[in-house]
Amino acid sequence: MSDSKKQFGVLAEYETVDEILSAAAKVRDAGYTKWDCYTPMPVHGLDDAMGVKQTRLPWFTLCAGLTGASLGLLMQWWMNAVDYPFLTSGKPQWSLPANIPVIFELTILFSALTTFFTMWIMNNLPRWFSPLARVERFARATDDRFFIAIETADPIFNAASAESLLKETGAHAIEAVEDPDESAAPPTWFRHALMIAGTGLIIPLMIIAYARFSTQDQPRIHLVPDMDFQEKYKAQNPSPLFEDGRAARPQLAGTFAMEDDHLVLEDPGYYTGKVDGEYLTEIPMPVTRELLERGRERFMINCAACHGYDGSGNGTVHKRALSLQTAGWIPPSNLHQAYIAAQPKGQQFESISDGIRNMPGYKAAITTEDRWAIVAYLEALQGIEEAGAQQLWGAAPAVEDAGPVDSDPLVAKGRELYTSKTCIACHSLDGTKLVSGSFLGLAGSERKFTDGTTAIADEAYLNESITNPNAKIVEGYTPGLMVIPPITDEEREALVAFIMSLKQ
Amino acid sequence: MHTPEVVREPILATDTAARVSRVGLSVGVLGLLLALALGVSEGDGMRHFFWAYLVAFAYVFTLTLGGMFFVLIQHISGAKWSVTVRRLGEFAMNTVPLLIVMALPFLYPLFTHTGVDEYGGLLWPWIHPHGEHAELVNHKSPFLNTPFFIGRMVFYFAVWMVISRFFMKRSLAQDTDRDPSYPHTVKMRKISAPSIIAFALTLSFAAFDWLMSTDPVWFSTIFGVYIFAGCVLAIHSWIVLCSVFLQKRGYLKDMVNAEHYHDLGKFMLAFTIFWAYIAFSQFMLIWYANIPEETGWFQHRITPAWKGWSYALILTNFAVPFFGILSRHVKRNKTALAFWAAYILIVHFIDLYWIVMPSMDAHHNPFGFMDVCLVVGLFGFFVWAFARQATKNSVLAYGDPKLQDCVAHVNY
């Protein structure tokens with residue numbers, strides 16, 4: 001060994017597992033700390049023989065696992081309950097069962113990655129170069145020989161004593177290893193490869209950036225078609241799962257969520273809109289600017305599609321149904337009608353919650369507070385109407401005033417039935433033609449039918465038209481459109497009297 | 001590091017086993033008599049007794065079948081680590097005849113008309129369909145009817161009898177056979193593959209028949225796997241307890257060490273997690289889909305009477321043992337591991353009770369001394385049948401070709 005060159009350490013070669021185990025125990029007992037064993041396969045008991053302490057790695061794994069679990073929970077709480085609350089299947093917005101798979105996955109992900117990379121760091125990996133790799137005999141460490149190397153970096157290292165110690169342990173060969181003083185940096189080819197790969201990574205980023213800020217006239221490429229076109233229930237389509245085409249079983253009458261159970265009993269007014277069968281007349285919470293804003297937002301999301309942005313009943317869905325001439329289409333109500341404005345707030349709330357006529361209930365889609373917010377906004381909207389919403393929103397169908405006072409109680413009852421039995425949906429009182437003809441001036445007029453006959457619209461004719469609307473079809477109208485609400489004979493009589501009173 | 005050559009000789013724990021089996025038998029007889037007396041005094045036509053009996057029966061059944069799985073999986077995988085404790089699994093597996101005798105009392109609720117008017121029968125509600133679900137249950141009668149039910153039961157027992165007898169006999173034969181080609185071990189390895197398929201199917205269907213049909217309108221395809229998770233948990237815990245006990249009495253001293261306990265502990269931890277995974281998988285799909293015919297089962301378990309039990313289950317059967325057995329040091333310390341093994345055997349009962357009893361009464365938790373007497377009693381009989389085999393046979397499969405490897409086994 002020449003002194004001019006730096007020494008890395010002393011290398012000793014052994015032939016069997018037993019030899020290296022006893023040798024390692026001797027080196028350990030000699031008090032060396034900077035040394036290692038190199039074996040072609042895992043050797044049981046080597047840890048003990050070398051005096052390697054129990055690894056601290058599991059603690060890192062445990063902490064990482066707990067971190068992953070907490071982060072998973074926190075993330076979903078933030079996303080689902082705070083930042084972007086979105087009602088799914090009527091479940092609570094922050095519902096733990098849905099979060100557990102993600103918590104589980106993040107626990108595993110954090111533990112696995114932390115274990116992997118901490119193990120690398122604790123083992124000083126990656127190592128680009130070891131002076132031992134320059135020793136020819138050391139190649140057999142991957143095949144059939146066992147080695148111990150004591151390094152000069154050890155505080156008690158002394159070349160002579162280290163060599164004599166290893167000789168005592170029964171080493172078959174002992175060799176001083178030079179430190180060629182090569183750089184421990186990654187090899188050049190590796191750095192080049194890394195640079196090329198790094199540059200290459202920019203390409204997908206650029207493609208993403210390009211895709212985000214440009215428009216395409218081609219449909220997107222479906223890389224995973226069965227994810228893009230899933231066999232699942234789609235809104236407004238029949239579900240193949242159940243005979244009646246619904247995607248989920250309707251809840252049994254009187255069902256409500258367990259958590260709401262006691263709330264409904266504690267505060268029926270707030271949750272159902274009525275107390276002891278009487279509708280609340282006032283909104284059961286302070287009507288603040290925030291509440292109105294919230295109500296406006298919810299109205300635009302949930303109601304405007306049918307009732308229109310101004311509540312006039314002229315929403316997109318309605319317009320579309322008219323343009324398609326959908327048979328049996330019942331137009332959405334004009335929310336400015338006096339009879340709606342005059343309803344107790346609790347009744348409006350109930351209509352939103354449970355639905356009315358062909359409007360579905362929105363209890364499952366809009367939270368209780370938000371439904372009250374919509375009721376509050378509705379009042380404001382009806383106020384705007386008076387203040388000239390027509391200029392604001394464009395022409396809305398004419399609004400009834402408080403209504404003429406009918407001297408005949410039968411006629412008054414008929415006028416009431418006109419709205420409650422939904423005649424109002426298709427027949428106006430001001431001569432405008434909605435879906436069907438106006439009631440104004442109907443009585444006593446001559447009706448021309450599709451079969452060429454004519455008749456005067458008298459009481460008998462009106463009675464027949466309410467009972468059996470398709471008996472005679474007036475020219476220019478479609479048969480089968482009129483939906484007959486359940487109606488008693490007295491009610492029909494009142495309606496006919498009301499229509500007769502509109503004689504011109 | 002070389003382990004000295006193992007001495008291949010039988011380890012006979014005759015006296016200890018005889019004492020234990022006597023204790024088991026006395027506990028069994030006492031528990032059963034006490035439970036019978038308590039059951040009669042309840043004045044419900046023994047309804048509570050039979051439901052609690054089903055829980056206790058399920059407890060023994062999961063131990064026996066757990067033993068069968070343990071033996072089969074060691075053979076099919078050619079496991080070395082488990083050779084020194086495999087005989088304990090074989091003893092557990094070989095208690096099938098006891099299981100058959102224990103099943104005989106079920107004939108009473110199956111054939112009697114007692115309690116039909118008051119509660120719609122003494123045990124499985126499909127025997128006498130009644131109430132709001134009668135029509136639906138009648139619809140299932142091609143499967144859920146008494147003759148077919150008994151036929152299936154006989155079939156399961158026959159399959160288990162064949163499997164357990166075969167593996168017990170061959171294993172004992174291997175002990176004394178010095179043929180260097182180890183024909184018995186080779187044969188067992190071959191037969192273990194079809195056996196494990198038969199095991200999986202019979203266990204699942206037995207779980208459907210005996211436990212799931214306590215709520216005959218409910219169904220869950222993963223239910224058999226859920227019961228299986230309990231079986232595996234129970235048997236590993238039982239083997240740990242037996243092995244620690246035997247070592248305390250001076251047997252298996254050089255045969256089972258920290259490495260083997262470490263592995264048994266790993267399975268206890270793994271199947272604690274697996275149990276939670278399966279239990280949650282079953283729950284989450286039902287919770288998400290929210291279809292009434294599926295949610296009913298869980299609805300019955302979150303009533304005021306059972307809510308506490310259900311939430312406690314998450315803690316007692318998952319959270320507590322998970323952190324309890326997580327550490328390597330616990331798994332390698334046989335005293336600590338024996339504590340957790342006993343703990344798991346106790347909470348295993350909590351799980352089975354939760355599976356069965358809310359189906360009897362969703363609005364009232366009848367848990368009482370009789371339930372404890374029954375499960376302790378039937379468990380006593382199991383211990384009797386288990387230990388009786390150790391009075392005649394070696395507690396070590398000393399002729400196994402992998403015995404040396406097993407003793408030398410080291411965890412990385």
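Begin by selecting Glu90(B), which you will find in helix α3 of chain B, the helix that spans residues 83–93; the model you have open is a predicted one. Glu90(B) counts as buried, because its relative accessibility is 0% and the cut-off for that class is under 20%. If you then display its surroundings, leaving out residues up to four places away in sequence, the residues that Glu90(B) touches are Val71(B), His75(B), Met168(B), Ser171(B) and Gln389(B).

Keep Val71(B) selected and add Ala37(B), a residue of helix α1 of chain B, which covers residues 14–41. These two residues are 34 residues apart along the chain, and a distance drawn between their C-alpha atoms should read 38 Å. Ala37(B) has a relative accessible area of 47% and is therefore classed as partly exposed.

Next, go to the largest nonpolar core, which has 142 residues, and pick out Trp160(B) and Trp210(B), the members that touch the most others. Helix α2 of chain B, residues 47–77, gives the most to this core, with 20 residues. What is Trp160(B) in contact with, once its neighbours within four places in sequence are left aside? The list consists of Phe61(B), Leu65(B), Met68(B), Val96(B), Leu99(B), Thr202(B), Leu203(B), Ala206(B) and Trp210(B), so that selecting Trp160(B) leads you directly to Trp210(B), the other residue picked out above.

Stay in chain B and select two helices together, α10 (residues 223–248) and α15 (residues 334–360), whose axes come within 9 Å and cross at roughly 145°. The crossing of α10(B) and α15(B) is left-handed. To see how the contact is made, show side chains on both helices: from α10(B) the participants include Phe223(B), Tyr226(B), Trp238(B) and Gln247(B), and from α15(B) they include Lys334(B), His348(B), Asp351(B) and Trp354(B). Colouring the contact by residue class should give 17 nonpolar, 4 polar and 2 charged residues.

Finally, move to chain A and select Ser312(A), which is found in the loop between α11 (304–307) and α12 (316–324). Although it belongs to a loop, Ser312(A) counts as buried because its relative accessibility is 4%. Two polar neighbours are worth displaying here: the side chain of Ser312(A) is joined to that of Asp310(A) by a polar contact of 2.8 Å, and a polar atom of the Ser312(A) side chain lies 3.5 Å from the backbone nitrogen of Asn314(A).

Note on methods. Residues numbered from 1 in each chain as written. Chains lettered and ligands numbered in written order. Predicted model: local features only at pLDDT ≥ 70, side-chain atom pairs only at ≥ 80, totals over all residues. Heavy atoms only, no water. Axes fitted to C-alpha atoms, helices over the stretch in contact; angles between N-to-C directions. Helix = DSSP H or I, 4+ residues; strand = E, 2+ residues; numbered from the N terminus. Left-handed = near helix turned anticlockwise from the far one by under 90°. Contact = heavy atoms within 4.5 Å. Nonpolar A, V, L, I, M, F, W, Y, C, P; charged D, E, K, R; others polar. Buried < 20%, exposed > 50% of the residue type's maximum accessible area, 1.4 Å probe, protein only. Polar contact = N/O pair within 3.5 Å; in protein donor to acceptor, adjacent residues only side chain to side chain. Core = buried A, V, L, I, M, F, W, Y, C linked by side-chain atoms within 4.5 Å.
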